[in-house]
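Me: I am new to this structure. Take me through the reasons behind the terms, one by one.

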Amino acid sequence: NEKNAACVATFVVILLASVVTAEVRMYAWDRFTAVVGYAIISWVLFAELTSIKRIQGVFITLIVVHLIVAALNPILFTNPEARNYIASGSFLGDGNDFSLSIDIVVPFCLFLFLNAKTWQKPLWVLGMLVMIACVILSQSRGGTLGLIAMGVYYWLKSPKKVQTGLVAAVVLGLTVALAPGAYFTRMQQMGDTNEGSASARITAWNAGVKMAIDHPIFGVGAGNFPQAMDTTYRPPDYDGPGKTAHSVYFLALGELGFPGLGLILYFIIINLAANHRLAIEVEQRLGTKAIELQLLASTNAGLISFTVAAAFLSALYYP
């Protein structure tokens, strides 16, 4: 917790510095004030989540919120061939962002399922299937990759690889049977660098690298990526408007320089490493069926899902 709190505090300081150095300071100030609010929430969580029961309460809240958002957007299920925006009134308004958030929450749902009473288990299975369906129906390629990464992690961690593989096969079979044709079309375009969305991402990523080379310490400033790309870093053959980076890593690199990118990578690495060390300790003391071991697996899986999906989404300043 101390290292995580230090990471959050350092992130806030970097954002404050970018307010001073950014070309459009209002954009940087907006990002700074939003993140300060999230930082306060995170520090409260660090202080209060001192038992598994309290952590379960947060997990339940997050799952219910996502299911409510899904229920408020029946168009996802009634018009699956189209890419629909999410009417949530928050940062989850884009289908890709909603899918990224779901990727983080699905492992929490699995944790609750494994430790629920018999009559509760079907509810958690249903909730998990609804959330996975939302990722598929949003046609999010980043969200799909996040789910795949989470599934591979659980399979590698599982002592019962055959059974885990069978569960994964069932989920995959349901996906193939129920997913709309438009979903498979988008998945097939994932490696096509000439496809519109992929091409725009590569253009934005190249611009982010150039921003960091020119501004290695502070970047172009929080929230200034689209502005900088629209002016100084516009490619000669690019006719579109200025875009954001569509990647946590390239957005951090372009807007906050190498310190910003380094901090994000450091945060991911120290948490995965700490959870791994704790898992070894728990297994030695309490055995392979300890609830603490399942908890660490679920939080690692959520972080791995984020790490993969965030490579394609601009979620740097999200809560």
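Me: What makes the charged end of Lys-121 count as sitting over the ring of Phe-113?
Reply: A charge sits over a ring if NZ of Lys or CZ of Arg is within 6 Å of the ring centre and within 35 degrees of the ring normal. The charged end of Lys-121 is 4.6 Å from the centre of the Phe-113 ring. This is a predicted model: local features need pLDDT of at least 70, side-chain atom pairs 80 or more, while totals for chains, interfaces and linings use all residues. Side-chain values use heavy atoms, without hydrogens and water, and residues are numbered from 1 along each chain as its sequence is written.

Me: Why is the aromatic pair of Phe-59 and Phe-108 called stacked?
Reply: Rings of Phe, Tyr and Trp (its six-membered ring) pair if their centres lie within 6.5 Å, and planes under 30 degrees apart count as stacked, over 60 as edge-to-face, the rest as tilted. Here the centres are 4.0 Å apart, with 0° between the planes. So the pair is stacked.

Me: What does the pair of Phe-59 and Phe-108 tie together?
Reply: Phe-59 lies in helix H3 and Phe-108 in helix H5, so the pair joins parts 49 residues apart in sequence. Helices are DSSP runs of H or I, at least four residues, numbered from the N terminus.

Me: Are Phe-59 and Phe-108 buried or exposed?
Reply: Both are buried, meaning under 20% relative accessible area (exposed is over 50%, partly exposed in between; 1.4 Å probe, protein chains only).

Me: How do you know that the span of helix H1 agrees with its 20 residues?
Reply: The expected span is 1.5 Å times one less than the number of residues. That gives 28 Å for H1, and its end C-alpha atoms are 29 Å apart, which agrees.

Definitions and conventions. Helix = DSSP H or I, 4+ residues; strand = E, 2+ residues; numbered from the N terminus.
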